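Visitor: I am new to this structure and would like to learn how to read its features. Could you show me the way?

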Amino acid sequence: MARIFSGIQPSGELHIGNYLGAVKNWVALQSQYESFICVVNYHAITLPYAAPDLIARTREMAIGLLAAGIDPEKATLFIQSQVPEHTELAWIFNTLTPLGELERQTQFKEKSGRQEQVMAGILNYPVLQAADILLYLADLVPVGEDQIQHLELSRVIARNWNARFSPDAPYFPEPQPKLTQTRRIVGLDGRSKMSKSIGNTIGIMETPEAIWEKLRPAVTDPARQKKTDAGDPDKCPVIYQLHKAFSPPAVVIEVEEHCRGAKWGCIDCKKSLHGHLVAELAPIRARAQELAGDPASLTNIMDAGAERARVVARKTIADVKERMGLPLAASAH
Ligand code: AMP
Ligand code: TRP
């Protein structure tokens, strides 16, 4: 069975952007692939944060993933800092990563531009990401479009390591991205990618009322000033894309016809979307509330996931160190 690896930052909010771009895909893929899904808290500490807040966000993200349908019996779900081999391999990879490749990463430029002082962790972030993926010798990485450049770098690192330490038969596979139809969900502003840091999200745990308050004022086709103006769904950046993601195909066709034919107003269209969106999210919210009420079970699930991940991680690190002339930790013998 081919292996997939993916990661998500404990940003405090699973929103419909990362849900549609990645998480929903992980849920679908977990039955077909050997899956490793990681809450990447070592990535999260590359930007300023408060410790009590981080632990809460990490647990919330784990709850969100389980509620969204990640099944710990099928997929190995774990927290990055519980598997120390990630940082160990990241250090090794730092010695094989050209500085220029890191400096030209779009996400590095964006993030470092917003900081007063730029710490080395932001620059080296994609090296840790390569370590995450390659530690499990993953073939495929289901992610949104924004991660493609990071994955290219993971392939460069795999190639560099293979060329130096395993030239005859490549040890590390070169991981490929696996994108979905909804590879880039636009935020409620209708312009930027939906993202917690921009504040244009709909969270998957939000109440139906809160979701309506966000949908109601969302931008639509500017040509539709009043109900009788004909519209173009392709110029409706938020509502139409979400209909395509959450509503049944027959409804999507109806939306198109009603918009082009000015048969209903944007509010009618938003109400229809709201119904389908809430119907998909309601069971997720209910499961999340249940999980939040049982913190001991959550700890057990995450500890068990980390144990399973470590079995694979330890083997890779042992192989890597052996080929590089690095003795293992004494306790590993
Ligand atoms: P993040 O929440 O930034 O850690 O991202 C987790 C996963 O969701 C990654 O695979 C991202 O590519 C994906 N993702 C995040 N935001 C979006 C979005 N607005 N549209 C599509 N995919 C996204
Ligand atoms: N950089 C990814 C993001 O922001 C998160 C991530 C870290 C990741 N390690 C990974 C994604 C490994 C896929 C594979 O979304």
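Visitor: How many aromatic pairs does the structure hold?

Guide: This is a predicted model, and it holds nine aromatic pairs.

Visitor: How do I read such a pair?

Guide: A pair of aromatic rings is described by the distance of the centres and the angle of the planes. Take Phe 93 and Phe 172: their ring centres are 5.7 Å apart and their planes stand at 75°, so this pair is edge-to-face. Phe 93 belongs to helix α4, while Phe 172 sits in the loop between α8 and β5, 79 residues apart, so the pair links distant parts of the chain.

Visitor: Are these two residues buried or exposed?

Guide: Phe 93 and Phe 172 are both buried.

Visitor: What does a tilted pair look like?

Guide: Look at Trp 161 and Tyr 171, with centres 5.8 Å apart and planes at 50°; an angle between 30 and 60 degrees counts as tilted. Trp 161 is in helix α8 and Tyr 171 is in the loop between α8 and β5, so the pair ties together parts ten residues apart in sequence. Trp 161 has a relative accessible area of 0%, and Tyr 171 has 15%; both count as buried because that word applies under 20%.

Visitor: Which residues do ring pairs link into a cluster?

Guide: The cluster consists of Phe 93, Trp 161, Phe 165, Tyr 171 and Phe 172.

Visitor: Which charged end sits over the ring of Tyr 125?

Guide: That of Lys 111, at 3.7 Å from the ring centre. Tyr 125 is also among the residues that come nearest to ligand 2.

Definitions and conventions: Residues numbered from 1 in each chain as written. Chains lettered and ligands numbered in written order. Predicted model: local features only at pLDDT ≥ 70, side-chain atom pairs only at ≥ 80, totals over all residues. Heavy atoms only, no water. Near = heavy atom within 4 Å. Phe/Tyr/Trp six-rings, centres within 6.5 Å; stacked < 30°, edge-to-face > 60°. Helix = DSSP H or I, 4+ residues; strand = E, 2+ residues; numbered from the N terminus. Buried < 20%, exposed > 50% of the residue type's maximum accessible area, 1.4 Å probe, protein only. Lys NZ or Arg CZ within 6 Å of the ring centre and 35° of its normal.
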